[in-house]
Amino acid sequence: MRKIKFILIVTLSFILLTFGMTGCNEQGLKKVTIAEVTHSIFYAPQYVAIEAGYFKDEGIDVQLILTQGADKTMAALLSNEAQVGFMGPEASIYVYNQGSKDYAINFAQVTKRDGTFLVGRTEIDSFNFDMLKGKQIIGGRKGGMPEMTLEYVLKNQGLTLGENLAEGNTQVRTDIQFAAMGGAFVGGEGDFVTLFEPTATQLEEQGQGYILASMGQLSGEIPYTAYSALSSYMAKNPDMIQKFTNAIYKGQQYVETHTAEEIADLIAPQFKEMKKEQLVKVVQRYKDNDTWCTDPILKEESLNRLMDVMELAGELNQRPAYQELVNTTFAEEAVK
């Protein structure tokens with residue numbers, strides 16, 4: 001009898017837990033948890049979709065969890081802590097190449113350029129990359145998109161990467177966690193650092209760093225950030241993925257057709273620590289860089305360019321087929 005009661009309790013608890021994670025809220029909206037790699041104005045279309053009610057219009061109640069790194073975002077996806085991962089597609093490539101049967105499939109692209117900026121300790125009016133010879137740059141986690149794009153840019157600028165700074169090499173440090181990069185730089189680590197917004201602008205306004213170059217402008221277009229879901233979840237919830245993609249596309253269109261000030265006003269609740277003029281400044285900077293996709297379709301040539309960057313960084317030993325990693329069905333339906 002006790003065994004039967006125990007089984008019933010465990011079963012009921014599982015049902016309640018599952019319903020709490022992926023069920024409906026009191027307004028009848030379907031709950032979907034997004035694990036986002038970082039919380040940045042770089043992802044303005046997502047916050048527009050939230051604040052403008054586009055997700056709710058599609059019957060979705062979005063919950064955000066901040067993971068601070070694509071590796072941790074993928075971990076949240078694989079552990080079912082989140083249903084949707086928002087990160088660089090490189091993470092899905094790593095998982096696929098490891099032979100995972102239930103791997104992540106990318107279904108909606110949001111950004112098409114690197115969103116980081118090179119920040120130095122002093123203001124330099126005529127910056128050039130020769131100034132990085134013999135210097136140390138805090139670049140982020142080895143194999144992550146920010147670090148790989150940085151290496152790609154440095155090599156294209158003719159710099160030699162290595163540990164021996166006395167020989168004129170440029171050293172990219174990969175031993176500092178993504179979330180700690182800004183703090184480490186302020187604390188005296190490294191000569192330069194790459195940072196997302198709003199951190200880069202905040203350091204500049206505090207006189208603790210100066211933006212010198214945009215990695216996005218220098219690296220060219222690559223599918224820097226996209227939404228993905230496990231193949232098992234996507235197979236069971238195609239309607240949800242479609243509605244999610246519809247909402248994101250509306251967010252992309254809003255960002256494309258509205259001013260930096262209008263966008264800043266809308267997403268302000270997501271960045272309460274920032275003043276309006278700071279928000280407008282950062283949004284305009286990203287608009288000027290042509291950062292955001294106007295639709296969520298991740299094209300094959302874009303993924304190939306991403307894998308070129310990964311190969312140059314020495315992080316890719318096998319190139320998976322585009323059809324294995326990307327599903328454009330939902331994005332194509334959204335833009336009809």
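**Two sheets and the helices around them**

Helices H5 and H14 are roughly perpendicular to each other, because an angle of 65 to 115 degrees counts as roughly perpendicular and their axes cross at roughly 75°. The model in which this arrangement appears is a predicted one. Helix H5 comprises residues 90–97, and its axis comes within 11 Å of that of H14. On the H5 side, the residues that meet H14 are Glu90, Ile93 and Tyr94. Their counterparts in H14 are Leu303, Leu306, Met307 and Met310. By class, the contact of H5 with H14 consists of 6 nonpolar residues, no polar ones and 1 charged residue.

Helix H14, which covers residues 300–312, also packs against helix H6, residues 145–156. Here the angle is about 80° and the axes lie 9 Å apart. H6 is therefore roughly perpendicular to H14. From H6, the residues Met145, Met148, Thr149, Tyr152 and Lys155 take part, and they meet Leu306, Val309, Met310 and Leu312 of H14. The contact of H6 with H14 counts 7 nonpolar, 1 polar and 1 charged residues. Leu306 and Met310 of H14 thus appear in the contact with H5 and again in the contact with H6.

From H6 the reader may pass to a sheet. H6 lies across strands E6 (136–138), E7 and E8, and its direction makes about 175° with that of E7. These strands belong to an open sheet of 5 strands, arranged in the order E7-E6-E8-E5-E9 with mixed pairing. Strand E7 (171–173) and strand E9 (210–214) each have a single partner strand, so one side of each has no neighbour in the sheet. From one strand to the next, the twist averages 30°. Within this sheet, strand E5 (residues 117–120) pairs with strand E8 (residues 192–195) in the antiparallel sense, over 4 bridges. Valine 119, for instance, has valine 193 in E8 as its bridge partner.

The second sheet to consider is built around other strands. It is an open sheet of 5 strands with mixed pairing, in the order E2-E1-E3-E10-E4. Its edges are formed by strand E2 (60–66) and by E4, each of which pairs on one side only. The twist in this sheet averages 25° from one strand to the next.

Strand E10, residues 225–230, deserves a closer look. It pairs with strand E3 (residues 84–87) in the antiparallel sense over 3 bridges. Two residue pairs illustrate this pairing: glycine 85 has serine 228 as its bridge partner in E10, and phenylalanine 86 has tyrosine 227. E10 also pairs in the antiparallel sense with strand E4 (residues 104–111), over 6 bridges. In that pairing, threonine 111 is partnered by threonine 225 of E10.

In a regular strand, side chains alternate between the two faces of the sheet. In E10, Thr225, Tyr227 and Ala229 point one way, while Ala226, Ser228 and Leu230 point the other way. Both sets are buried, and E10 is accordingly described as mostly covered, with 6 of its 6 residues buried.

Two helices accompany this sheet. Helix H4 (residues 70–78) lies across strand E1 (30–36), E2, E3, E4 and E10, and runs at about 170° to E3. Helix H11 (residues 238–257) packs on the sheet as well, touching E1, E2, E3, E4 and E10, and its direction makes about 15° with that of E4.

Two loop residues complete the account, one on each side of H14 in the sequence. Asparagine 289 lies in the loop between helix H13 (276–288) and H14. Its relative accessibility is 7%, so asparagine 289 counts as buried, the limit for that class being under 20%. Among residues more than four places away in sequence, asparagine 289 touches Arg113, Phe117, Ser214 and Gln217. With glutamine 217 there is a polar contact between the two side chains, at 2.7 Å.

Alanine 321 lies in the loop between H14 and helix H15 (322–325). With a relative accessibility of 39%, alanine 321 counts as partly exposed, since that class lies between 20% and 50%. Alanine 321 and glutamate 300 are 21 residues apart in sequence, and their C-alpha atoms are 9.3 Å apart in space.

Key. Residues numbered from 1 in each chain as written. Predicted model: local features only at pLDDT ≥ 70, side-chain atom pairs only at ≥ 80, totals over all residues. Heavy atoms only, no water. Axes fitted to C-alpha atoms, helices over the stretch in contact; angles between N-to-C directions. Parallel < 35°, antiparallel > 145°, perpendicular 65-115°, else oblique. Contact = heavy atoms within 4.5 Å. Nonpolar A, V, L, I, M, F, W, Y, C, P; charged D, E, K, R; others polar. Pairing = 2+ DSSP bridges. Buried < 20%, exposed > 50% of the residue type's maximum accessible area, 1.4 Å probe, protein only. Polar contact = N/O pair within 3.5 Å; in protein donor to acceptor, adjacent residues only side chain to side chain.
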